[in-house]
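Trainee: I would like to go through this protein with you. Can we start with the surface and then turn to a pair of helices?

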Amino acid sequence: MQKTITFGIPCYNSIEYMDHCISSILEGSDYADDVQIVIVDDGSTKDDTLANAQRWQERYPGIVKAVHQENGGHGIAVLKALSEADGTYFKVVDSDDWVDGDALKELLAKLRHFIEFDTRVDLVITNYVYEHVEDGKQTVVDYHYAVPRGKIITWDKIGHFGLSQNLLMHSLCYRTDILRDGGVPMPPHTFYVDNIYAYVPLPRCKTLYYLDVDLYRYFIGRGDQSVNEKVMISRIDQQLRITRIMMYAYHLYDDVEPLELRNYMIGYFSLMMGVCSIFSKLSDAPDSEANLEALWEELRAYDHRMYMRARHGLVGTVMNFRGKGEKVTIGIYRIARKVVKFN
């Protein structure tokens, strides 16, 4: 049976929270048989994640598929789920996150409509919600004013995206063939690959649709999460690796034709360079600043126009004050962190 959508759930030592994630999809979809859930055990070592995934498959064999791979990291687990997907559409849900049931019902109704009437929509965008465990508060990230709501559009119809409105993995539901045709260059054993997933496939998407529902619930608060500030500082080398892959994916001014999409992508890429800059400054690793400068020089040599936009635009300027101005850079980051609560 051709499924409407496949949800890929990468799991690594996820026994404490994966059930909530899986249940939210099953219950939100009313256990629909046109929904597929692919649970990927990424070589878990500390618990029975794989056995638990297999128990879910035994209970719902027509919906849930449990697969195992040797540990390869989040990106490789996403690709494994993609290779097993039977859905026309594909969405990643991390094992410590979940989806809202009412919003999922609306998404499924829309996807089924597209399929029934043979209407090709390459990318469906939904909102996501930061769920802050430390204070019980929520922060909704929506795309009002950036993307027209409830219309099938092309990139020339999008507007300006604010700094907090990037199209992250949590907001994206791709047609599966968009991801497979051309691939997604996910490096093994590397965090922050969701940025590649949310960037590289975009120019392949010719049509998109914004469904204004708060679907994805993004858990924030575990001390070992990859977005925890101390963890991000300790993994600055991986931030640099991801940003370098994004850099080499396109010469944006030559390869991306729609002006509006190009502007969005250069803004996203500039923000990634800004992230590399701020966490390199916060790092106490002796080579952090040198590695950052090497990346900037590599960008300058690769594409001078991309370098100029990223380095001398607002984000690049603010994130790269030198000398006494470095305290201003860190202060601005701290304020943004407090307001948006993104880690």
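Trainee: What does the accessible surface of the protein come to, and what percentage belongs to carbon and sulfur atoms?

Mentor: About 14,700 Å², of which 53% belongs to carbon and sulfur atoms. Such areas come from the Shrake-Rupley method with a 1.4 Å probe, and for residues only the protein chains shown count as cover. This is a predicted model: local features need pLDDT of at least 70, side-chain atom pairs count only at pLDDT 80 or more, and totals for chains, interfaces and linings use all residues. Residues are numbered from 1 along each chain as its sequence is written, and side-chain values use heavy atoms, leaving out hydrogens and water.

Trainee: What makes α1 mostly covered?

Mentor: Eight of its 11 residues are buried, that is, under 20% relative accessible area (exposed is over 50%, partly exposed in between; 1.4 Å probe, protein chains only). Among them are Met18, Cys21 and Ile22. The cover includes β1 (3-11), β2 (35-42) and α4.

Trainee: Why is α1 called oblique to α4?

Mentor: The axes of α1 (residues 18-28) and α4 (residues 101-116) cross at roughly 55° and come within 8 Å. Angles under 35 degrees count as roughly parallel, over 145 as roughly antiparallel, 65 to 115 as roughly perpendicular and the rest as oblique. That crossing therefore makes α1 oblique to α4.

Trainee: Which residues make the contact?

Mentor: Ser24, Ile25, Glu27 and Gly28 of α1 meet Gly101, Leu104 and Lys105 of α4. Contact means heavy atoms within 4.5 Å.

Key:
Axes are lines fitted to C-alpha atoms, for helices over the stretch in contact, and angles run from 0 to 180 degrees between N-to-C directions. Helices (H or I, at least four residues) and strands (E, at least two) are DSSP runs, numbered from the N terminus.
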